[in-house]
Amino acid sequence: MLPGNTDFIADPFNLVFLGVFAAVLATVVGTLVVAAVSARRAVTRGKAASILWQHEFEELPSSAKECRHALTGELPGRHCDRAFECKGCETHAKLVADAKALPFLDTGGFDVPADRYYHRGHAWLKPEEDGTVTLGLDDLATRLVGKPSTLDLPPVGERLAENGPAFRLSAGKARVRIASPVTGEVVETGSLAKGFLLRVKPDGPLDTRALLSGGEAAAFFTREMDRLQLAISGARGVPALADGGLPVGDLSKAIPEEDRDRVLGEMLLEA
Amino acid sequence: MHTQKPPSSLPAHRYTLVVDLDRCTGCGSCGTACAVENNIPPAPERSTERTGVVWMRVHEVTTPATAGERTGFVPIPCQQCDNPPCVDVCPQRAIEYDPRTGIVGQIPVRCLGCRYCMVACPYHARSFNWWSPEWPEGMAASLNPDVSVRQRGVVEKCNFCVQRLQAARAKAAAAGKAEIDPADYVPACVEACPSRALSFGDATDPESEVARLVADGESFQLLAALGTHPKVWYRSSDPVVRERLSRTGVMRG
Amino acid sequence: MDDTLIGRGLKRTPLPRFLLWLAPWAGLLAFGLYATYLCFAHGLNQTNMDNRFAFGLWIYLDLTVIALGAGAFFTGFLLYILKRTELKAVINSAVVIGFICYSGAVGILMVDVGQPLRAWFTFWHPNVHSMLTEVTFCITLYLGVLAVEYAPLVMKNRRLKEIPGLLVLEHKLHKLMVVFAGIGTLLSFFHQGSLGGLYGVLRGNPFAFREHIFIWPTTFFLFILSAAAVGPSFVLLTTWLVGKVSRKRLVSPEVFQTLGKISGWLLLVYVVLKGIDSLVWINATSPKTGVQVSSFYAHPPFGTWILFAEVVLLGLVPAVLLLSRRVRARTGLLVLAAVMACAGVVLNRYVMTIQTLALPSLPFDSFLSYSPSWQETAAFLAVLGYGVLLYSISFRWLNLFPEERELAAKG
């Protein structure tokens, strides 16, 4: 095939055919190389967590993608198309600029302490006095998971990326990761008994722009209850809204085992 | 058909075989001589008429009663077409048309065994090695050292005993001559035919017998309408035989 | 282990039942592999092919599965190049089907050739005038492209995507998928065509030979069109079948209708061109070689009905059915039309391969018959077994139908 081959004939047919073939082969190989190189670069630059998050977000049902300003009723029916990354969002910037403090209304029966920030994937973040932050599962997630059968916390020194995996847990047949609300380094691992799961030293000044707090968080929890109802509406033996809805107290028992994985994934934003 | 025209450049020599059907007795000597010359292994027991390796096949043909029933024999080796349908289909150039001799050569060591050329050839002049060649004890010692022994899984066919042409060329070169002596290049089948039904020679040489036979208007080619321009010609004094053999096989009646 | 591999929110049958389902197909594969072992060990005398019937069941099936596997390239072309985004629902499945068809065909081809170890000779000493060279080059490369298109599906497996970097690579590959879709289209275009060209160039066979347009016989273009036409039908059919076997709704009915409509239009164009081609062949090409076309059909059971069945019954009729909105609205009829469309192309490949070889050529030849040996049949069944195995495994552990989860949630 190569022109060096003794019986190669340099007629137009050969040149065109082999030229086209070589060009196609080069395109395929070149594209693969480009993909591999840019993947490697993305990984070394720490973009892996963000890409994973983008992927998860894309695969989530649209009910999970409601804009935070839709939760509060400011923008009815708006869905987020930037994977809850509010920093660069123009709509968010505008609404925040003329936002009045929302009234702290009903939290749907959940405990929503006001000293914390809440991630849409149900992790909370609490700024501590020493400049670190502590992370934990919020009240809805805690009730939803019940008693986790395993809890995989990252070791001290591990790097976390905002929206990347913070830790993993399993309950029954369900396995799910909890997305991190912050970028930084794990400096202490906690436990359910300690009241926090991870202590993290954030990179640079703490950025909470994508997180919810105060009245917005209260509205979020109320709306999440609706979403949960929707997520398990197909499952058998679950109280419907007409029956007064799900009992907040014992959420984990309300979910049939065969639906637990799907429901947890949907509520904790893992596709 | 776009290939009706003969190829633009005819070969320098046109080695040609003329088969006189009137003389053929169907004895099969040509096939036996061919097998011995070209190291063709004996057919295994399980083989059929359609699975053995045969370079020179003698077909027994009976014309229907309506045409005056009679039986004859038609030896069909590779027709050595000047416009061969097989050369272009081979994916890896294991078939070559030699522009110096007009001989269509099959290169068994390069053959993949895809059998596309067998499908392309309207004369069914090719054989595939369905079995590994096996020689009865002692017979391997009598193999012709001038011809390679093929292996299982490749296609092969008649090449007008091209090794004899090479030998003739070597002889001519040793004697300092540019051209071979025609008497030095005779394929094994022609040599073996007891009834002299086969004539062989270079049709570009006006002195040769084949040039005369091809030119006298009594010779015809098989499936001439396909435009393959074979260099194997057939002769018969019987108009029924001539007419029937000039047709394409799908034409019944 | 198995549980953690199944995509979130997807219901799959319990593992023991899944393994029970796989068992007969694995058995078929093992049996076929034994048959191919016999062919490798003892030679092709294990088949019923011979010097006259030099192509048989295997070549016919290669042509057929490659035509049916055209759904992979054509769906990719429609989705990534023409931006028919609704086809996202079936692209993964189409890629898997395409990969199965092409790898199966290449596998069978390796048994079919007498000297498989010399396959690389085609790349080293290519005869660029041979249709088979084009087929070899394009199919080899396209199988690689299909593997590249398959890889992201595997990387997105629930467990595998946790491996750092794998999902990133998937993400980058997916962004460049339009390149692979384009290359796949180009390669498919040429090898589907060249497979048709295989027969159209046979100057020694007036039944197969066709007029040339530039350097290609008309069968080149007809094969491309017919493959593109039935590709979507076959995707429709397999999706429907998988839905039935797994008792799940995998795609919304609109996707079926889109596939049917695309198939219908292409099939109509194909049937019209095939009709014109047949008329030219009947009135000009074949008579020029001194053969009236009627004599090709004088050998029962290969009568003119076969041409009628190919062009009208399994060509024009399914095309009209697929183009009718009312037919498309009823899944049963739509599937029937798709089956007919696929059957038409299967018949076309059969005629091109088997009838071409069976017809007599020398004046004293007779019409030949051939029936495959058990080894040939078993090797073919191995491809079927392999296909079902690979598809079942992919269906269980990869997310082949992106809409499935939401359709299941809707109940």
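Let's begin at the outside of chain B: its accessible surface comes to about 11,100 Å², and 53% of that belongs to carbon and sulfur atoms (areas from the Shrake-Rupley method with a 1.4 Å probe; for residues, only the protein chains shown count as cover). Bear in mind that this is a predicted model, in which local features need pLDDT of at least 70, side-chain atom pairs count only at pLDDT 80 or more, and totals for chains, interfaces and linings use all residues. Residues are numbered from 1 along each chain as its sequence is written, chains are lettered from A and ligands numbered from 1 in the order in which they are written, and side-chain values use heavy atoms, leaving out hydrogens and water.

Now step inside chain B. Of its 253 residues, 53% are buried (under 20% relative accessible area, with exposed over 50% and partly exposed in between, using a 1.4 Å probe and protein chains only). The chain has 6 helices and 10 strands (DSSP runs numbered from the N terminus: helices are H or I with at least four residues, strands are E with at least two). Its radius of gyration is 18 Å, close to the 18 Å that the globule rule gives for 253 residues, so chain B is as compact as a globular protein of that length (taken over C-alpha atoms; the rule is 2.2 Å times the number of residues to the power 0.38).

Chain C offers a close-up. In its helix H8 (residues 166–175), the buried residues are Leu167(C), Val168(C), Glu170(C), Lys172(C) and Leu173(C). What do the buried residues of H8(C) pack against? Their partners are helix H1 (12–44) and helix H2 (48–59) of chain A, together with helix H7 (131–155) and helix H9 (177–200) of chain C (contact means heavy atoms within 4.5 Å).

Finally, chain A is assigned domain 1 (1–45) and domain 2 (49–267), with bounds from an automatic or database domain assignment. The C-alpha centres of these two domains of chain A lie 48 Å apart.
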